[in-house]
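Student: I am new to this structure and would be grateful for a close look at a single part of it. Please describe that part in one connected account.

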Amino acid sequence: MSEKIKRDHDVAVGDIAQTIRQFAAQGQKFRINHGSTNSTRPLTAKGRHFVDTSKLSRVLEIDEARKTCLVEPNVPMDRLVEATLPHGLVPPVVMEFPGITVGGGFSGSSAESSSFKHGLFDRTVEYVEMVLANGDVVVCSHDENEDLLQGAAGAMGTFGVVTLLEIRLVTATKYVRLSYIPIKGVPEAVETLQKVMLDDATDYLDGILFSQNQGAIISGQMTDEKSVDETIQTFRSAKDPWFYLHARQMIRNKTSTTTQLVPLIDYLFRYDRGAFWTGSYAFAYFKTPFNRFTRRFLDNFFHTRVMYKAADASQLLHQYIAQDLALPFPRATEFIDYTARTFGIWPLWLCPLKPTPYVTLSPFPASGNGASAPILNIGLWGQGPKSAKGFVAANRDLERKLVELSGQKALYAHTYYTEDEFWRVYDREWYDALRQKYGAGSLPSAYDKVKVDLDTAEGRSGGSLRDRVFRVRPIGGLYGVFKAWRSAEYREAKRSKGR
């Protein structure tokens, strides 16, 4: 790292620390403005009490010998991958949405298709530079303040402001050889995932359930080799298929595994176009035909950066279930049967996870007896009940069933627990003690950041004139599209090499 780069970073961190000291002297709680978000929680916080970290957006150094990189928290994943690939390296866990930032991945419990092998994204972080709530700048590593390094992972910025991270890297390859395994039922999908993840040659693994009777388990092996008869499939161009549609085509009427090569960067961001399959809901909302011609024509609007911007501006997120739910493998089939009966949402995403070996707010903590059995994350994303009270009731019942089956949810999304319910799921004694040790009382708590005001949510059928107007189809959606088109996210998505 050059002296100038280090000096510029230290000056930016010093300014952040000074702002925090001023808030601390006034006894004023504050929030952090990152400049972007991939959370599906509504952005409702108002006021002037923010610390702006949006300028911390550079890859500072890549160390080829140590296979690590120093990166500021607001670097999105596509920019990080673009920086590491020329060095023949890539992060071991890459969030599939290119706009998710490094800091967001650390603070927000990001689990991806390599997480069965490497754990959550935060498990690849070697150390973190953080400004505490009193303005002190500290380093958290495996040798220093390790409890803070572990506790801040998945805690949504409730211990301090992350300003720098060192991330472990692995050797990159040209391709990922994908195997599409057709499955005929939920129990078979769960069993196949458990079997494939034991193969040391597997580098990536996830699954898509299209219904209770059809799905695909998709495993990947990193490789530089290509045989003469192997085809190469890409997913970044407007003319390419959305990945989930391609996966369904690959297993249709098949009884055996099909393989093909995918360029590494296409694989890493394969779900960007269409945001898995949630982009199809926008076609339904606007009553637009959903086919390869309309998807190609509207491609610029169906990258995840743009979709998040549009969804937030439209205020339509209140109508959709968007949850990642993690359970022990033996409980997964029962839980999927419950979601099929209760919500009827398909497809579902299946992502096996290596559990975290210590207590955190991430949804995959170590069990009390120290066991390290893998856990299955289930992505449930789809239309919820139309009435406000019904929507809240459905989400609360989902949380009840999850707890009943010893599961936890990722906290990037809506959380409908009461405060007492929330802290019966997560370890409040550990969390409060660590917050007290590092003086984090002037930051919002985890529950403050994720809670839904139940009275407001249940009464959303009333609301302001703006709320009522936005619920009239397609006004809210059109406003969201307009805001997305005018946004920096739209321009950033067009520039991304991850598309």
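Tutor: The model is a predicted one, and a contrast between two leucines serves as the way in. On the surface, Leu465, Val469, Val472 and Ile475 make a nonpolar patch of about 330 Å². Leucine 465 belongs to helix H18, which spans residues 465-470. This leucine counts as exposed because its relative accessibility is 59%, and the cut-off for that word is over 50%.

Leucine 348 is the part to examine closely. It lies in strand E15, residues 348-353. Its relative accessibility is 0%, so leucine 348 counts as buried; the cut-off here is under 20%. Not counting residues up to four places away in sequence, leucine 348 touches Gly207, Ile208, Leu209, Trp277, Ile336, Thr339, Ile378, Gly379 and Leu380. As for glutamate 492, it is 144 residues from leucine 348 in sequence, and the two C-alpha atoms are 29 Å apart in space.

Among the contacts of leucine 348 are Gly207, Ile208 and Leu209, and these numbers lead to strand E11, residues 204-211. Seven of the eight residues of E11 are buried, which leaves the strand mostly covered. E11 and E15 run antiparallel and are joined by three bridges; in one pairing, glycine 207 has leucine 350 of E15 as its bridge partner.

E11 also pairs with strand E12, residues 214-223, in the antiparallel sense over seven bridges. Here leucine 209 stands opposite glycine 215 of E12. The link between E11 and E12 is a hairpin through two residues. In summary, E11 has antiparallel pairings with E12 and with E15, the strand that holds the buried leucine 348.

Key
Residues are numbered from 1 along each chain as its sequence is written. This is a predicted model: local features need pLDDT of at least 70, side-chain atom pairs count only at pLDDT 80 or more; totals for chains, interfaces and linings use all residues. Side-chain values use heavy atoms; hydrogens and water are left out. Patches are made of residues with over 30% relative accessible area and no salt bridge: like charges are joined within 9 Å, nonpolar side chains (Val, Leu, Ile, Met, Phe, Trp, Tyr) within 5 Å. Accessible areas come from the Shrake-Rupley method with a 1.4 Å probe; for residues, only the protein chains shown count as cover. A salt bridge is a side-chain nitrogen of Lys or Arg within 4 Å of a carboxyl oxygen of Asp or Glu. Helices (H or I, at least four residues) and strands (E, at least two) are DSSP runs, numbered from the N terminus. Buried means under 20% relative accessible area, exposed over 50%, partly exposed in between (1.4 Å probe, protein chains only). Contact means heavy atoms within 4.5 Å. Two strands pair if DSSP finds at least two bridges between them.
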